[in-house]
Amino acid sequence: MKTRSPHHRFRIVALALVICIVISALSTGRAVPGAVAAYAADPAFVCTGTWFFAPAGDGAVFNVGDTWQGGTFTYIEDDGIMRVREEETGDLVGRFPVRFTTGDQATIEFDRIIRIISILWHDNDPNPGEQGWSFNGIAGPITGQKITIITPVDLATDTVMINAGGDSGGIDFCYEEVVRDAGCTPGYWKNHLAAWSQTGYAPAQTLESAFDVPDALGIDNTTLAQALGFGGGSGVAGGARILLRAGVAALLNGAHSGVAYPYTANRVIADVNAALASNDRATMLALATTLDNANNGGCPLN
C-alpha cells in the first residue's frame, strides 16, 4: 500500500440527507462543547489537495460497492443511492435517496488508514427531540440554527460511519495521510509471546476464535501461536495455511498500538475471512503475499 506524506491534507466530502418536504422550522438546541463556529466558506476549514467527490461532477450517483478515490461504499441505508450536487458554498455534498428515514446511515471503507483532523457539520435546525448527526460515534451539533460548526478531532481509522439522525444537515471532514509502513513478521510474534499482551489476543486462542475458518480445513482448534509456524502445502488446504500464517501476524500487528501497521485488525479479519470463504487457493495466496509484504515493513518492537 502506498501512502503520501503525513502532512498532505485532503478534503473529503461525505453525506447529506435528501428531504422531499419543507425543511423544518428553527428550533432551540446546543452546540458541541469546545466546537468552533464557522460558515462553510470560512477558510478555517480549508484542506489542500483533492475533494473526495470533486471529480465525480454534479449529480453523480454512487451505489453500494462503488469505490471512489480509495473509499468504498460498503453500506447505504435501504440500498439507496447517493447524489452529489453543487452547494452554494462550492462544496460537493453526497445525498441520500429521496426516501427519508430518520436514522439513515452510510459506511465508507478506505483502502488505508487515514487520520481525520476535523469535522465540519452542516446543521439544518433539527426539530426539538430529534437526534443530530453522528460521525464514528462522535455526536454532532444541535444548534437550532442553520450554521456550520467545526469540531477538531484526532481520529485514525479506515472506516467512516455516518448516521443522519433526524437532521437534514450534512458532514464534511478533513483528513491527512499518515505513514503506516511498519510490521512484525510471523517469526517475531512466534518468538516474542510477551508482546502479545498489548494486542488483546493470546497465543493459546484458537484460529476459530479470531477468524471464520472453514470446518473442512480441520484446523479450527489450532492455536494462533501454532499457526505462526504453518508451512506451505498444495491445494486449498495449503493455501489456507500460508494465508493464516501471514494473517495471524497481520492481526497482531494491526491490534498493537505500537506498530504503525497499514491495516486495522478488523480489516485483516474481514479480508482473511473473505479469502478463506472463497475456497480458492489463488485468492488466498494473493492476500497472503499482500499481508506478508506488510508484515516485513520493519518491526518497531525489536
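Visitor: Which residue just after helix 5 takes a positive phi?

Guide: Happy to start there, with a word on the ground rules. This is a predicted model, where local features need pLDDT of at least 70, side-chain atom pairs count only at pLDDT 80 or more, and totals for chains, interfaces and linings use all residues. Residues are numbered from 1 along each chain as its sequence is written, and side-chain values use heavy atoms, with hydrogens and water left out. Helices (H or I, at least four residues) and strands (E, at least two) are DSSP runs, numbered from the N terminus; just after helix 5, a phi of about 55 degrees belongs to Asn279.

Visitor: How far apart are the end C-alpha atoms of helix 5?

Guide: The expected span of a helix is 1.5 Å times one less than its number of residues. Helix 5 has 14 residues, so it should span 20 Å, and the model agrees: its end C-alpha atoms are 20 Å apart.

Visitor: Which residue of strand 8 meets Arg267 in a salt bridge?

Guide: A salt bridge is a side-chain nitrogen of Lys or Arg within 4 Å of a carboxyl oxygen of Asp or Glu. Here the N to O distance is 3.6 Å. The pair links distant parts of the chain, 158 residues apart, with Arg267 in helix 5 (residues 265-278) and its partner in strand 8 (residues 105-124). That partner is Glu109.

Visitor: Is Arg267 buried or exposed?

Guide: Buried means under 20% relative accessible area, exposed over 50%, and partly exposed in between (1.4 Å probe, protein chains only). Arg267 has 14% relative accessibility, whereas Glu109, at 29%, counts as partly exposed. Because of that 14%, Arg267 counts as buried.

Visitor: Which residues are joined with Arg267 into one network?

Guide: Arg267 also forms a salt bridge with Asp158, the closest N and O atoms being 3.8 Å apart. This pair links strand 11 to helix 5, with their positions 109 residues apart in the chain, and both Asp158 and Arg267 are buried. Salt bridges that share partners therefore bring together, with Arg267, the residues Glu109 and Asp158.

Visitor: How many residues apart in sequence are the parts that Asp154 and Arg115 tie together?

Guide: The closest N and O atoms of this salt bridge are 3.0 Å apart. Asp154 is exposed, with a relative accessible area of 62%, while Arg115 counts as partly exposed at 26%. Asp154 lies in strand 11 (residues 146-163) and Arg115 in strand 8, so the parts they tie together are 39 residues apart.
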